[in-house]
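User: I am new to reading structures and would like a close look at a single part of this one. Could you take me through one helix with care, and then through the places in the chain that help me see its surroundings?

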Amino acid sequence: MDVLVCVKRVPVTGGRITLTEDEQEIDTRYLGFTVSPHEECAVEEAVRLVEAHGGSSTVLTLGPAAAEEQLRDAMAMGANRAVLIEAEGPRWDGSATAAAIAGVIGDHRDAGVAYDLLLFGNESADAGGYQVGIRVAHLLDLPCVTGVKHLEIKDGTAVARREGPGGFEIYEVPPPVVIAVKEGINLPRYPSIPGRLRAKKAAVERLVMEAPRPALEMVRMRLPQGRDKQVEILGDGAPGIERAVEVLGHIGVMPS
């Protein structure tokens, strides 16, 4: 069984989050980074499945060159291979990210590596878009199950369970299939020292891609400042009433 896990490099949520000057991105200068919790569970699930059924596990991420650190953390947990799609800038939305991942999966398939399971986190810890796994499944014309809290392989079939409104929903899907798991499906292992040493020496497949034109763009909208108010005393008594009628006629509230 060959399993691909897609992870995302996200800021450590315990840090203080500040925005850049244009307020369009998170200022990451003073933040540490990690893997989204759901995706960390996806890595653990891939390692467990390979340990139980044989095969190999590959971890993939799209991000800056520094995201290699998160890939090596995943290999220290037991993933066999790692792929880094080097991509900089904020233009990688869910649609562009899914297209890049689907393209790499297609290239691997043409090279003779066909994945039985594609594991994703249910959503990332920063954007929380719930988009990439579903979009990859759509692009590759594969079945997709999201929100999974239990996963096993029985007689070559993926059995996925998730919580529904009235209890548990169970899906039996033949591979290849896209599965989006939630935190709590397992307890991720802590990387061992030998695992970290192996991961430090392991090769990482690197691909460089340029961001496409985003389908959606963020536009800042500002509330214009109100004009200064002016007060005019129209008068007292009958003269004031006459002046008020004149003003109301001037502004069109009543006929002059």
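Analyst: The buried residues of helix 3 pack against strand 1 (2-7), strand 4 (56-63), strand 5 (81-86), strand 6 (117-121), helix 4 (132-140) and strand 11 (205-208). This is a predicted model, and every value that follows should be read with that in mind. The residues of helix 3 that are buried are Ala96, Thr97, Ala98, Ala100, Ile101, Ala102, Val104, Ile105, Gly106 and His108. Helix 3 itself covers residues 94-110, which makes 17 residues, and from its first C-alpha to its last it reaches 24 Å, close to the 24 Å expected at 1.5 Å a residue. After helix 3 comes glycine 112, which has a positive phi, near 100°.

One of the packing partners of helix 3 is strand 4, and serine 57 lies in that strand. Serine 57 counts as buried because its relative accessible area is 2%, and buried means under 20%. If its neighbours within four places in sequence are left aside, serine 57 is in contact with Val3, Ala46, Val50, Gly78, Ala79, Asn80 and Arg81.

Helix 4 is another element against which the buried residues of helix 3 pack, and the loop between helix 4 and strand 7 (144-154) holds aspartate 141. Aspartate 141 has a positive phi of about 60°, although it is not a glycine. Its relative accessibility is 70%, so aspartate 141 counts as exposed, for which the cut-off is over 50%. Following strand 7 onward, one comes to aspartate 155, in the loop between strand 7 and strand 8 (157-164). Aspartate 155 also has a positive phi, about 50°, and is likewise not a glycine, and it is exposed, with a relative accessible area of 81%.

Another loop to look at is the one between strand 9 (167-173) and strand 10 (177-181), where proline 176 lies. The peptide bond that joins proline 175 and proline 176 is cis, with omega about 0°.

Some side chains bring a charge over a ring. Arginine 161 lies over the face of phenylalanine 168, at 4.5 Å from the ring centre, while the charged end of arginine 196 sits over the ring of tyrosine 190, 5.8 Å from the centre of that ring. Pairs between two aromatic rings are a separate matter, and here the count comes to 0 aromatic pairs, where a pair requires ring centres within 6.5 Å.

Turning to the open spaces, the second largest pocket has a volume of about 260 Å³. Its lining is made by 13 residues, of which Thr34, Glu40, Asp73, Met77 and Pro191 lie nearest its centre. Strand 3, helix 1 (37-53) and helix 2 (68-77) are the elements that give two or more residues to this lining.

Strand 3 (33-35) also helps to place aspartate 22, which lies in the loop between strand 2 (9-11) and strand 3. Aspartate 22 is partly exposed, because its relative accessible area of 41% falls between the limits of 20% and 50%. Aspartate 22 and arginine 220 are 198 residues apart in sequence, yet their C-alpha atoms are 9.3 Å apart in space.

Definitions and conventions: Residues numbered from 1 in each chain as written. Predicted model: local features only at pLDDT ≥ 70, side-chain atom pairs only at ≥ 80, totals over all residues. Heavy atoms only, no water. Phe/Tyr/Trp six-rings, centres within 6.5 Å; stacked < 30°, edge-to-face > 60°. Lys NZ or Arg CZ within 6 Å of the ring centre and 35° of its normal. Helix = DSSP H or I, 4+ residues; strand = E, 2+ residues; numbered from the N terminus. Expected span 1.5 Å × (residues − 1). Buried < 20%, exposed > 50% of the residue type's maximum accessible area, 1.4 Å probe, protein only. Contact = heavy atoms within 4.5 Å. 1 Å grid on protein atoms, 1.4 Å probe; cavity = no way out; pocket = protein on both sides within 12 Å on 5 of 7 lines; lining within 4 Å. Points joined across faces, edges and corners; volume = space filled by probe spheres on them.
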